[in-house]
Amino acid sequence: MGLDYQTVLWNKQKKTYDKWIAITMLIYLICFIGITILTNPETSIETLIIRAFGTLAIALLHIILAIGPLTRLNPKFLPILYNRRHLGVSMFLAALVHGGFSIFQFHSLGTTNPIYALFTSNIEYNSFTNFPFQVLGFFALIILFLMAATSHDFWLKNLSPKTWKRLHMMVYIAYGLIILHIFLGALQQQPSWGSIGVLSLGFIVITSLHLSTAFKESKLDKSKTSHVDDGWEYVCTTDEIPEDRAKIFIVDKERIAIFKYDQKLSAISNVCKHQGGPLGEGKIVDGCITCPWHGYQYLPHNGQSPPPFTEKVSTYRLRLIGKKIYVLPKALAEGTAVEPVIL
């Protein structure tokens with residue numbers, strides 16, 4: 001977390017993350033260019049750049065789309081989620097080089113405006129096999145630009161987390177456009193069944209990961225608590241919650257996290273105000289609930305971020321009978337202090 005907005009807060013983790021992004025991208029480009037020159041030495045410089053950066057961008061996009069479900073399936077992948085936006089900006093820059101050189105090579109050598117030529121050089125929009133696939137790539141690039149340009153927390157805060165999240169969920173629209181862009185381009189030019197096969201495999205992997213995550217999440221959403229006569233709902237026993245950790249429950253169709261710490265129990269909303277991270281999958285660090293995604297923190301007894309930060313989440317009342325924990329389903333206003341249950 002940071003109180004003042006800076007272009008990039010270069011902590012040690014970010015430097016390491018970005019170093020490996022740069023090294024991996026450089027190795028990929030060197031290998032791709034080297035193999036292409038050896039196997040097809042007649043390839044022009046422009047075509048070589050277009051293909052190298054295009055394939056790099058689509059490879060990075062698949063990695064980005066895999067990170068989310070991987071972290072939901074196994075918390076060991078959380079370190080690569082922490083600075084995923086850096087990977088997203090790097091992917092956009094690769095896509096920008098690909099798109100820029102494509103427009104230069106195919107649409108900027110005449111007297112017509114290159115962008116206008118992009119949309120009018122092929123007007124068979126009612127054809128599948130001859131559809132102007134470059135247009136699909138152009139719109140995908142626009143989406144990737146909007147995401148890269150708003151990746152900083154300044155925009156997340158000022159657009160509101162909900163609006164920001166909706167904007168960045170457009171990555172799936174961009175992904176669909178890119179798949180069609182590559183597939184139609186391959187059909188209209190020299191079909192490369194190897195490339196189509198690799199792309200299809202990538203699509204299957206991404207789809208499978210997301211479906212696996214959805215299945216895992218649906219099992220949690222279907223879990224029900226036991227209702228008692230006075231409005232309190234039984235959730236679990238104290239032994240089922242690890243120390244300084246939480247267990248997540250569905251109460252009144254909302255996910256809540258019940259934390260056990262310092263011989264006390266507190267319940268808050270499971271949704272982090274930053275990017276909707278699962279607070280219940282985090283842990284207590286220095287007396288604060290710490291989101292596993294980006295480290296945002298909340299005090300367990302009132303759901304407020306420690307000063308000078310201002311984020312707040314809803315809290316819930318708990319009752320302990322023996323070792324059985326009960327929760328009152330009605331959420332309290334965000335930031336409402338609730339006396340912790342003493343074990």
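## Exercises on a predicted chain

R72 is buried, its relative accessible area being 12%. The exercises below concern this residue and others in a predicted model.

**Exercise 1. Identify the salt-bridge partner of R72 and state which elements the pair links.**

Step 1. The side chain of R72 forms a salt bridge with that of E217, at 3.1 Å from N to O.
Step 2. R72 belongs to helix 2 (residues 45-73) and E217 to helix 10, so that the pair, 145 residues apart, links distant parts of the chain.
Step 3. E217 has a relative accessible area of 16%; because buried means under 20%, E217 is buried, and R72, at 12%, is buried as well.

**Exercise 2. Determine how the R85 salt bridge is placed in the chain and classify the exposure of R85.**

Step 1. The partner of R85 is D153, and the closest N and O atoms are 2.8 Å apart.
Step 2. This pair connects distant parts of the chain, with R85 in helix 4 (residues 84-107) and D153 in helix 7 (residues 153-159), 68 residues apart.
Step 3. The relative accessibility of R85 is 23%, so R85 counts as partly exposed.

**Exercise 3. Locate the salt bridge between K273 and E334 and classify both residues by exposure.**

Step 1. The side chains of K273 and E334 meet at 2.6 Å, N to O.
Step 2. K273 lies in the loop between strand 5 (264-269) and strand 6 (283-285), while E334 lies in the loop between strand 11 (324-327) and strand 12 (341-342); the two are 61 residues apart.
Step 3. K273 is partly exposed at 31% relative accessibility, and E334 is partly exposed at 41%.
Step 4. Elsewhere, salt bridges with shared partners join R72, E217, R255 and E281 into one network. The structure holds seven salt bridges.

**Exercise 4. Describe the nonpolar surface patch that includes W193.**

Step 1. The patch consists of F128, F183, L187 and W193, with about 440 Å² of accessible area together.
Step 2. W193 is situated in helix 10 (residues 193-221).
Step 3. With a relative accessible area of 63%, W193 is exposed, because the cut-off for exposed is over 50%.

**Exercise 5. Summarise the chain as a whole.**

Step 1. The chain contains 10 helices and 12 strands, and its C-alpha trace spans about 80 × 40 × 35 Å along the principal axes.
Step 2. Of its 343 residues, 42% count as buried. The accessible surface comes to about 19,100 Å², 64% of it belonging to carbon and sulfur atoms.
Step 3. Among contacts between residues at least 6 apart in sequence, 56% join residues at least 24 apart.

Note on methods: Residues are numbered from 1 along each chain as its sequence is written. This is a predicted model: local features need pLDDT of at least 70, side-chain atom pairs count only at pLDDT 80 or more; totals for chains, interfaces and linings use all residues. Side-chain values use heavy atoms; hydrogens and water are left out. Patches are made of residues with over 30% relative accessible area and no salt bridge: like charges are joined within 9 Å, nonpolar side chains (Val, Leu, Ile, Met, Phe, Trp, Tyr) within 5 Å. Accessible areas come from the Shrake-Rupley method with a 1.4 Å probe; for residues, only the protein chains shown count as cover. A salt bridge is a side-chain nitrogen of Lys or Arg within 4 Å of a carboxyl oxygen of Asp or Glu. Helices (H or I, at least four residues) and strands (E, at least two) are DSSP runs, numbered from the N terminus. Buried means under 20% relative accessible area, exposed over 50%, partly exposed in between (1.4 Å probe, protein chains only). Contact means heavy atoms within 4.5 Å.
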